[in-house]
Amino acid sequence: MAEGLPGGGEAAAASVAGCETYDACFDLGHRFRLFDRPGTFRVSQAGLALGDHLVRNVRESELAGRILDIGTGSGAIALLLRALGATSIAATDISASAVSTARQNELENFGDSVIDFWHSDLFPGAEAGHRERFDLIVFNPPGWRSPSELLKAELAAKRHSLDLEAMFYGDSVLLRFLKHLPEHLAQNGRAIIGLNSLIGIADIFGRSRSTDRPVNDATIHARLLERHEFPLLFYTEEWLQVRSSLLAQFEQGRHDYAATYVTKGNTIHWFYEITEVTVTEPATPSLVSPIGDHAAASARLLPFAEMAAAPARALQHSGPEPLAG
Ligand SMILES: C[S@@+](CC[C@H](N)C(=O)[O-])C[C@H]1O[C@@H](n2cnc3c(N)ncnc32)[C@H](O)[C@@H]1O
């Protein structure tokens, strides 16, 4: 495997029905054999970290409720939720080939089909006006912003083993996700999303509070749950080939929207910030209290705007303040 390309899970194993496969291994022995197909995002270190967080933290009440995995890719997170005991899971992806691979991965690993896989933009059936609410929404979104004009031109000349949407356009996707989240979270529901610090996390939440406000005049609350540091991966050969333009975009992002990373030797290290997102609507402030389940409830529910000023009891997102390291 070329340096800088992903090695999610364990090394590729023997082929299943003539296709290359690999194993994605999560905490507590949850292990899935997944097809490695062009057009389907291969589970990365970030996806594994998100899955491990769910293994340790998903609540019984959430497993008993309705769950949505957005941007399911290989389906690994949806499969993990099923293995953890969830019985009512929907999963979406904008990539038709990802949806078909995810369906096959469920069949291969469980022997039957229980998960509702949708070829949809963010929320299931949104294009057809389908509107459903979920107790838990999990989203490991594309981690990079929309490609610069230079990058787009360079990439246009190359073959595409993976659609750009697998890793680019994370800014617009996240803003649309936050905007419409109030229509899709059940009362007391929450979303757990994995944010890449290269995207400029504080800037995204800031825009969601100002120019790209959520529907229903709702307020988005974000609480950082875990931060991981990972070396940059390029995911595909063609993205590795445009490495210098990609790095230039990240460098520009430092100035334009506080993209955050550290450089160690020749390698960029970025931060993966697993974040809980909840919503309150103006007419229902009493919905706030049941979400918190311990004394730190007030910290959990701070709107992101207030988090920057919050004392050290809450982890803080990577943002304009420089990070040590
Ligand atoms: C970083 S990958 C994560 C894949 C998988 N959840 C994982 O953790 O391995 C992001 C996924 O989001 C999908 N995606 C991007 N934009 C989307 C959208 N608007 N609606 C649904 N899925 C989207 C991509 O096709 C890709 O499969």
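This passage describes the overall make-up of the chain, the surroundings of the ligand and the packing of two helices. The structure is a predicted model, in which local features need pLDDT of at least 70, side-chain atom pairs count only at pLDDT 80 or more, and totals for chains, interfaces and linings use all residues. Residues are numbered from 1 along each chain as its sequence is written.

The protein chain holds 11 helices and 11 strands, taken as DSSP runs numbered from the N terminus (helices H or I, at least four residues; strands E, at least two). Of its 325 residues, 40% count as buried, that is, with 20 or more other C-beta atoms within 10 Å of their own, the C-beta atoms being placed from the backbone. Among contacts with a separation of 6 or more, 73% join residues 24 or more positions apart; a contact requires C-beta atoms, placed from the backbone, within 7 Å.

The ligand is surrounded by 23 residues, of which Gly47, Gly71, Gly73, Ile94 and Asn140 come nearest. A residue is near a molecule if its C-beta atom, placed from the backbone, lies within 6 Å of it. Two or more residues of the shell come from each of α3 (76–84) and β5 (88–93). By class, the shell has 12 nonpolar, 8 polar and 3 charged residues, with Ala, Val, Leu, Ile, Met, Phe, Trp, Tyr, Cys and Pro as nonpolar, Asp, Glu, Lys and Arg as charged, and the others, Gly among them, as polar.

In the contact between α6 and α7, Asp171, Leu174, Leu175 and Leu178 of α6 meet Ile204, Arg207 and Ser208 of α7. This contact comprises 4 nonpolar, 1 polar and 2 charged residues.

How values were computed
Contact = placed C-beta atoms within 7 Å. Buried ≥ 20, exposed ≤ 12 C-beta atoms within 10 Å, placed from the backbone.
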